[in-house]
Amino acid sequence: MSLVSTRQLLDEAAKGGYGVGAFNVNDMEQIQAIMEAAKETQSPVIIQASRGARAFAQDNYLYHLILAANELYPEIPIAMHLDHGNSYETCVSAIKLGFTSVMMDGSLKPDGKTPSTFQENVEVTRKVVDYAHERGIAVEGEIGVLGGIEDGHGAGGSGLDHVTDPDQAVEFAELTGVDSLAIAIGTSHGAYKFTKKPDGSVLKMDLLIAIHKRLPKTHLVMHGSSSVPKDLQDIVNQYGGKLRETWGVPVEEIQLGIKNGVRKVNVDTDNRLAITGAIRKVLWETPEKFDPRDYMKPARAAMQKVVALRMTQFGQAGHAGDYKPISIADMAKGYANGTLVTKPLVAAK
Ligand code: 13P
């Protein structure tokens, strides 16, 4: 099986009424952890890399590691996705490398920090969509601005600063023809999302439901979806870490999102916490150890456990064998002849 388009994964998820985790990677062990979790749970999977990951690992290493995953797990549909592309050029470079979908985050200017205007966002996203669809590559856009910063990308501040306006979401989807739409509903990247268990005043699930009502067929994307579980925080702190008390997005809220059109669920921080906790534990308990395998093996196993759990909770578990992959060349034909619809269905207010 060759790498598949995120669009196909999300179309299938919509049919099956489940969500697909999109897990960030920077290195081989993270890819191995995701693939073992996908095998264990028989899940289709989205592996995503940010600009920071591409700079850290170098494009060719990342690409060939994901190709290796594809060779080793032929029964698992894998999409390779660019997370938070900051410009047309970044998206084009990812597509040329072999990514099967890209996110054009035009909600920020190319500096990846300053919120852009609606018009700027539409223009750059439309340009990426035109380039990508001609080549069979799917595009995720963002309307509204997430809080926090990830890998140097983000407006910072609270997730409530620029939540998505449903009317703008409709207009944006119509003008750009994106395959999926990231919305801002109060979440932020990183570990410090909420200072207490989030309620409706900080996590706007009602807004998500309102957007889904207007755009019932559009695949919604929930960024900043780590749950930041207390047990993972505790392991880090028990072995010398200094995390402040914090809350993430409860899994039940993500599941409510999945019932209301969320098809792609972005998770990075939970895996970072699992890895760090496992490494700290080994180094704390056995400070004489110096072979990286002694701490990377448990780190990889800890991440696998988190990913497998999320795959089960998001509902993608058991769906790896549901469908035959569509080649990227055939995806291009589908966009050209209109069988892959890009005009959103819009429901009246
Ligand atoms: P978390 O920091 O909540 O894991 O979010 C990751 C993300 O949204 C990547 O785009």
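Asn 237 counts as partly exposed, at a relative accessibility of 29%, in what is a predicted model. This residue belongs to helix 9, and the briefing moves from there to the aromatic pairs, to the charges placed over rings, and to helix 5. The count of aromatic pairs comes to three, and two of them are described below.

**Asn 237 and its surroundings**
- Once neighbours within four places in sequence are set aside, Asn 237 is in contact with Lys 242 and Leu 243.
- The C-alpha atom of Asn 237 is separated by 22 Å from that of Gln 30, a residue lying 207 residues away along the chain.

**Aromatic pairs**
- Among the three aromatic pairs is the one formed by Tyr 88 and Tyr 131, which is edge-to-face, with 6.0 Å from centre to centre and 80 degrees between the planes.
- This pair links distant parts of the chain, since Tyr 88 is in helix 5 (residues 88-97) and Tyr 131 is in helix 6 (residues 118-134), with their positions 43 residues apart.
- Tyr 88 is partly exposed, with a relative accessible area of 21%, whereas Tyr 131 has a relative accessibility of 13% and therefore counts as buried, the cut-off for buried being under 20%.
- Tyr 239 and Trp 284 also form an edge-to-face pair, because their ring centres are 6.4 Å apart and their planes stand at 70 degrees, where an angle over 60 is what edge-to-face requires.
- Tyr 239 lies in the loop between helix 9 (230-238) and helix 10 (251-259), while Trp 284 lies in helix 11 (residues 269-285), so the pair ties together parts that are 45 residues apart in sequence.
- The two partners have opposite labels for accessibility, as Tyr 239 is buried with a relative accessible area of 10%, whereas Trp 284 is exposed with a relative accessible area of 52%.

**Charges over rings**
- Tyr 88 also has the charged end of Lys 127 sitting over its ring, 4.2 Å from the ring centre.
- Arg 244 lies over the face of Tyr 192, at a distance of 4.0 Å from the centre of that ring.

**Helix 5 and its packing**
- The buried residues of helix 5 are Thr 90, Cys 91, Val 92, Ala 94, Ile 95 and Leu 97.
- These buried residues pack against helix 3 (51-57), helix 4 (59-72) and helix 6, and also against strand 3 (78-85) and strand 4 (101-104).
- In an α-helix there are 3.6 residues a turn, so residues three or four places apart point the same way.
- Gly 98 follows helix 5 and has a positive phi, near 130 degrees.

Terms used
Residues are numbered from 1 along each chain as its sequence is written. This is a predicted model: local features need pLDDT of at least 70, side-chain atom pairs count only at pLDDT 80 or more; totals for chains, interfaces and linings use all residues. Side-chain values use heavy atoms; hydrogens and water are left out. Rings of Phe, Tyr and Trp (its six-membered ring) pair if their centres lie within 6.5 Å; planes under 30 degrees apart count as stacked, over 60 as edge-to-face and the rest as tilted. Helices (H or I, at least four residues) and strands (E, at least two) are DSSP runs, numbered from the N terminus. Buried means under 20% relative accessible area, exposed over 50%, partly exposed in between (1.4 Å probe, protein chains only). A charge sits over a ring if NZ of Lys or CZ of Arg is within 6 Å of the ring centre and within 35 degrees of the ring normal. Contact means heavy atoms within 4.5 Å.
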